[in-house]
Amino acid sequence: MRYSGFRVIKEALTGHRGWGPAWRDAAPQDAYDYVIIGGGGHGLATAYYLAKEFGQARIAVLEKGWIGGGNVGRNTTIIRSNYMLDGNEPFYEFSLKLWEGLEQDLNYNAMVSQRGILNLIHSDAQRDAFIRRGNAMILNGADAELLSTEQVMARYPFLNVNDARFPIKGGLAQHRGGTVRHDAVAWGYARAADQRGVDIIQNCEVTGFRIERGRCTGVETTRGVIDAGKVAACVAGASSRLMEKAGMRLPIESHVLQAFVSEGLKPVLPGVITFGAGHFYCSQSDKGGLVFGGDIDGYNSYAQRGNLPVVEDVCEGGMAIFPMLGRARLLRMWGGLMDMSMDGSPIIDRTHIDGLYFNGGWCYGGFKATPASGFAYAHLLATDRPHPTATAYRFDRFAKGRMIDEKGMGNQPNLH
Amino acid sequence: MHDLNPITPLGAAEARVDTHGPVTLTEVTDRALASVAARLGHEDETVAILTDFLGATPPAPARLAGAPLTAFWTGPDQWMIEAPLATHEDLAARLAAMADGAMSVTEQTDAWCRFDLTGAGLPEVFERLCAADTRSFAGGEALRTAIDHLGCFLLCRAVGHISVLGPRSAAGSLHHALLTAIRSAH
Amino acid sequence: MLIDHPLLGPRDAAEFVYKGDAALIHRPDGAAEGALEAFIDYGYLRDNPAGTHRELWFHEQGDRSWLVVTRDTVTHEISRVELARDVARREGRSK
Amino acid sequence: MTQRNRLQGGLIDRSKTISFRFDDRWMKGHPGDTLASALLANGVRLMGRSFKYHRPRGPLSAGSEEPNAIVALRTGARQEPNTRATTAELFDGLTAQSQNRWPSLAFDALSINDRLSSFFAAGFYYKTFMWPAAFWEKLYEPMIRRAAGLGALSLQPDPDSYDKGYLHCDVLIIGAGPAGLAAALTAGEAGLRVILADEDPLPGGRLNAERLEMGQQASHAWAAETTAWLAAMPNVRLMMRTTVTGAFDHGVYGALERVSDHLPVPPEGKPRQILWRIYSARAILAAGATERPIVFENNDRPGIMLAGALRAYANRWAATPAKEIAVFTNNDDGHRTASDLAAKGVTVAAVIDTRTDAPKSARYEVVAGGTVTGTSGRLGLKRIEVTDARGQSRRIDCGALGVSGGWNPNVSLTCHQRGRPEWDANIHAFVPGGTLPEGMVVAGAAEGAFSTHAALHAGARVAAAIAADLGKTPPSPDLPQAEDAPVSLTPFWHVAGTTRAWVDQQNDVTAKDIRLAHQENFTSVEHLKRYTTLGMATDQGKTSNMAGLAIMAEVAGKSIPEVGTTMFRPPYTPTAIGAFAGRSRGTEFRPVRKTPSHVWAAEQGATFVEVGMWLRAQWFARPGESHWRETVNREVLQTRNSVGICDVTTLGKIDVQGSDAAAFMNMMYCNGFAKLPVGKTRYGLMLREDGIAMDDGTAARFAEDHYVVTTTTANAVPVYRHMEFVRQCLFPDMDVQLISTTEAWAQFAVAGPNSRKLLQKIVDADHDISNEAFPFMACAEITVCGGLRARLFRISFSGEMAFEIAVPTRYGDALMRRMMAAGEEFGVVPYGTEALGVMRIEKGHAAGNELNGTITALNLGMGRMVSKKKDAIGSKLSEREGLNEEDALKLVGFKPVDAQDTVPAGAHLMTRGTPVDAAHDQGYVTSACYSPNLGHHIGIGFLKSGDARMGEVLRLVSPLTGVDHEVEVVSPHFIDPEGDRLRA
């Protein structure tokens, strides 16, 4: 069924009886050409692009719980391609371009909203680094604009300049950045993949891999064994737990990232803004909630919840730049599991086991990557070659010394 | 004798004193400090040297001991020694002279600013500043914790008398934080 | 979180800085045969267990001790805290 | 206007009458009122508008679970959006405005949405607004955003302050109702350190809302007496107006104390609120229960509220929304509301009880087996339509309807870690389940024990167990006789066949929306919430989640626990962001570190700049200088021509001592230190274990077993931590002791050809600092100014003959003054960080811009420094192929081909004739400045194969800033490449 304004009106007048399931609840079959483990944004996008772009049939997405229940369902919804390094920027720019056509492609309004992202600058050295980054963005075909303090203030007149501990010395803006209604991304991909015949199988946990003579031939699940031509792991946050079942250790630690939303408020923030002298970023949803976050808690965790010090640190950052936030209330906080990789960049690669592929290590940046991650992973699965924008996301980059380290923090995952 | 005039951590010639409600906040500038760390395998010798010097046994973890020469624990086999500046301006040198390869001594006098809080109602002040359980302090406690993002030592010399040692460069911020907490609590 | 410091008792984890898996104590010998491979493993691969994890925390706002904390990464329950120096010695590190 | 709906009695202070304003109307109330109770007493039921359909709404509850009566409290910079009228304490002069309406609460233009509601069904926006694509940002979304949100921020800085604090206790008791009070009595008498916290200003919980006897007293009197008893115990801390907002790991709780919210403005020096971090050995959750409504047609009109709330308003606040009320219930508790209100003189028109075996009453009509099937009254309830057991409908006039669907234990805090509530089929509600936060037990209504008797005894029992567990002898407190009624309830969630029946009142989620979500396969509770927004409003679904689950269970043909469970995340109630930030805002966001010469520099009119936490002098402008560049040029030139002084105290200094100090230094730095002679200083490059440069600086050897290491300003803390890691974790038997001495010494760079002459006037004569006696890279402990101990280093960042001199910090100010006086004859200048930067770029020294975390020794042109003869941190991984490529980046200098051009940092480099794009990127400029010595701009940066490309002309592009011109690759050592000046 196609979604449209006309359809909404027609259904409204006929008691909404015509709406069918957004996607089928499929039961697992004995075998598929591709089994994708993980019904999050990346897994569903991979299935969709495999079916649509690479003409693949017999695809299953296996989800342990309910689709979209992981990080695509709990993040701060930001999209952007303001990366600096060659290994990253083309990929994220590709992702941003896919976002720009997503709704028409999926026939699902995920509310891709390009209201811009602004990184504040607080020192001369920071400006130098942002100029380098902005140039790298433009040289890669993305957009970037360096704003003066006056231009920043015109957009955000209530920023604290009167008694700021760290003065605002301008900002780097990417106007094509913005936010997306995160849950809708999962649902939109699920619906579109389902329409192309993908089996989306919920409540189906992978408990083991079938590996024979160095080749992965299928998976064991809580709903039986499923044979597969190719098995694609896509469970960022739980990557180590899953790949351990295939005997693999990963260059990844699992960490918790907290995020926060305020009560609904009349719109004040047009786009996404990040504080450059503390750990705080914020946007405002279409419902009016301020959606904000900061650093990861910093210790290995699978607990999906954080602790007070980071909550306080984030709110300190918020109050530092927006002292008007004092009387706004924090409504809800939650923690998501991050695959923190050793250089802060992801992995989309084959494993040393034939037929077993890996997508993970997204740190806290996976949401914005969803379309390109799905596309590039589908490309790898279908062709056994990396997508041109994802050639650097290899396992062996650590052994070879070709890290993609945007923050320059080295093999210390909690600092990326 | 040299002819340079010192300034206080707060940047003045004279130490500052503030009183609000029951609490007096005093900038203390008349104490010398030196860090002493036992060399590996010389832990007992270090304790002996310090015992001799202090007239008291170097204190256990999170404790302070001795007066007028005082030591407080700063880490495993490591203490900070406090002495009157008037008599011990060269505290580090004196201790180093006694070390004889048994301990490493480092001058710390000016690494720290010190503010003493005296009076009733100190727990009400400190519970707005740091995670230390000052309500249970009975005298002799010495611990390091964070106040206003600054690593500080809290030394309870007696009930109603707590010293805060913080990084000297941040004396202004620390003093402001202490005074603000006093005004909030009382 | 609270970390029960072996010398100081329970202290807020906010006073500490986290490093990672306590396996980082076992730095390979740079002069040994095959050292590069060993360093790549040491530097980049982690067990990352969901469950008991031995990990390094530095008491930066305290006594400057590195600790080995045994903590469950699912429940955050801490079952053991030791001075890293003692652990390192016990596990064969010296000079 | 009189308080026409004010009843007799209550716990308000009638001796005082205070005024308040809601929208344009001034009214009267009494201390003890909430805004909602005072408004009800004044005959006001309409207090807000819903989020989506702008439906008129009045209070549903009398507490923090309130979804509807949400107002903007106060005005101006203190305006607090989305404040619950049901918890806002009344004070004299209080002003509040209604929200989400235009032009007024009674006539709201956007209530048109309500008429169009069938177009706005759950998730409608996912299905439309897609065509044409460009219209989303331009038309559709702006339209949606204009309607978004409830209250508005003032856009002004919050004028109030917030404290953060830390408390310790043996047992934290959350909730001061009967269970909490009994627990506090027991634990207090046992001698435990107790904190008893409750969000209410008045201890007692439901004891203040009920008309109950406890022993010989009224329940509220028992609560008051017990509270007074507790207040007298030194080991018990009563914290009223304090909400425990979150249960964190290891017994740490977050709690918000509203210190001044009940006052017009906070007293001088006092905070508005305090966010406490409570460290507890144990906790008792005695948070009570929240009543749940029944879903029926048009169940959201002002005047329709929870039955227990109706009763609380009458009993505690002596207020009623109307003189004629009805009750709709599925349990006995609803009847208690009817009898209490009847006792207060309110007419009870009927009690509609869904149970066919409903208890009878002599005082009011009971419609057994009946349901409410409709309501009317546009801005407030006028009448209800009741359908009886036989299906006969009739209308009953009433201005208020109390609704009771039973009570849900307040399990919220049990869920903050791993707890997952479990279904209790006896009370038809979720009770605490799964693994509770470490050390937490639950007592009273919060665990489903609803009678007062049960709550009292449960509180005492769990507190006694904790006391025993903590080694105390538990007393047996004297608990009064109290009611012990069993729960008598037949589940009834919603009236069938509704078209517009509200489940989540604030977010306007109807029963129909839930059915639609099921139809579209959003059947799990997570999907349901996200698709319909059920439970996502400011009340966090406290009164709506259960009904939503129940309706989903019904349409899915499942049991409620099969559909899912209710889950709560912190904070328990929405909490001011300002409270989480505390004092860390504005200029106090982070502490300020000042250099020893700060006072002096300020006297000179220096401009300061933030460098991490430090404030450093950036430059020292002189009268007549019109641009900072002019000042900096002067400082640079005068230093290079004569002598300049710069405060460099901010560099980290670490004392390294011990018999293994040399071996330790050799491990820390990639280059060798063991053979450094005593009395000498050496440049050291410190790598991370992954082979990337971490920090650099000089280290001086004062004795065989004593080095003093300097770090960059930014890395002082991480380097110290790293050294301790190496010392304690990797080489535990090395005899090394470390301590930071950054703050202990005031250190100044004295640079320029006259630096020695100047210092000879400072350094005591018995120390020979001639070039022969004290050559480049020498260091010594000396005395100055007649005997003050000092340290002198012959090191140079500027490239000139230079020294760094250090004295105990308290003398830094005096030394600076003395050196300036001594240098007068040479025209000495102080210089700031900007001139420092210019001189180091002229000299090609790497700094923070170059050490960006991706750069190796090889990139810095120091590849050969990485000793192959020894093991050092980082040396092995720096051998990897990707870090040693043929065309690796190398640090080089750049000068513009046209001398007028700039060389901006952040610009990228392209080979001439190639396309300007990322694929052809050759490198980037890291640091740049105008060189007053060379008379043109210069830069340093990283270029592929840079060392082999000297003299090549490249295209320098910065499309971001509109730069595109040519530069020549040159040595990064622009000044004195041979180092003659250094050694002069």
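This is a short tour of a predicted model, going from one selection to the next.

**Stop 1: where chain C meets chain D**

Select chain C and chain D together. On the chain C side, 36 residues take part in the contact, and chain D brings 30 residues. How much area is buried between chain C and chain D? It comes to about 3100 Å², and carbon and sulfur atoms give 55% of that. Now pick out Arg27(C), Arg85(C) and Lys95(C) on their own. Together they supply 22% of the area that chain C buries against chain D, more than any other three residues.

**Stop 2: charges and polar pairs across the contact**

Stay with these two chains and show the side chains. Side chains of opposite charge can pair when their charged atoms come close. Between chain C and chain D you can hunt for six salt bridges. One of them links Glu60(C) with Arg721(D), with 2.7 Å from N to O. If you look for polar contacts instead, 20 residue pairs between chain C and chain D qualify, with both residues at pLDDT 80 or more.

Next, colour chain C by its helices and strands. Which elements of chain C each supply at least two residues to the side that touches chain D? They are β3 (17–21), α1 (35–44), β4 (52–58) and α2 (84–90). Helix α1(C) has the largest share of that side, with six residues. Sorted by class, the side of chain C that touches chain D holds 20 nonpolar, eleven charged and five polar residues.

**Stop 3: a sheet in chain D**

Hide chain C and zoom in on residues 371–376 of chain D, which make up strand β21. This strand belongs to an open sheet of three strands, ordered β21-β22-β23 in chain D, with antiparallel pairing. At the edges sit β21 and β23 (393–397) of chain D, each pairing on one side only. Look along the sheet and you'll see a twist that averages 30 degrees from one strand to the next.

Now add β22(D), residues 383–387: five bridges join it to β21(D), and the two run antiparallel. To see one partner pair, select Ser376(D) and Arg383(D), the latter being its bridge partner in β22(D).

**Stop 4: a link from chain B to chain D**

Bring every chain back. Over all chains, the whole structure has 117 salt bridges. For one of them, select Asp133(B) and Arg193(D), whose side chains meet at 2.8 Å, N to O. This pair crosses between chains: Asp133(B) is in the loop between α4 (122–126) and β9 (142–147) of chain B, while Arg193(D) is in the loop between α4 (178–189) and β9 (194–197) of chain D.

Terms used: Residues numbered from 1 in each chain as written. Chains lettered and ligands numbered in written order. Predicted model: local features only at pLDDT ≥ 70, side-chain atom pairs only at ≥ 80, totals over all residues. Heavy atoms only, no water. Contact = heavy atoms within 4.5 Å. Buried area = accessible area lost by both parts, 1.4 Å probe. Salt bridge = Lys/Arg side-chain N within 4 Å of Asp/Glu carboxyl O. Polar contact = N/O pair within 3.5 Å; in protein donor to acceptor, adjacent residues only side chain to side chain. Helix = DSSP H or I, 4+ residues; strand = E, 2+ residues; numbered from the N terminus. Nonpolar A, V, L, I, M, F, W, Y, C, P; charged D, E, K, R; others polar. Pairing = 2+ DSSP bridges. Axes fitted to C-alpha atoms, helices over the stretch in contact; angles between N-to-C directions.
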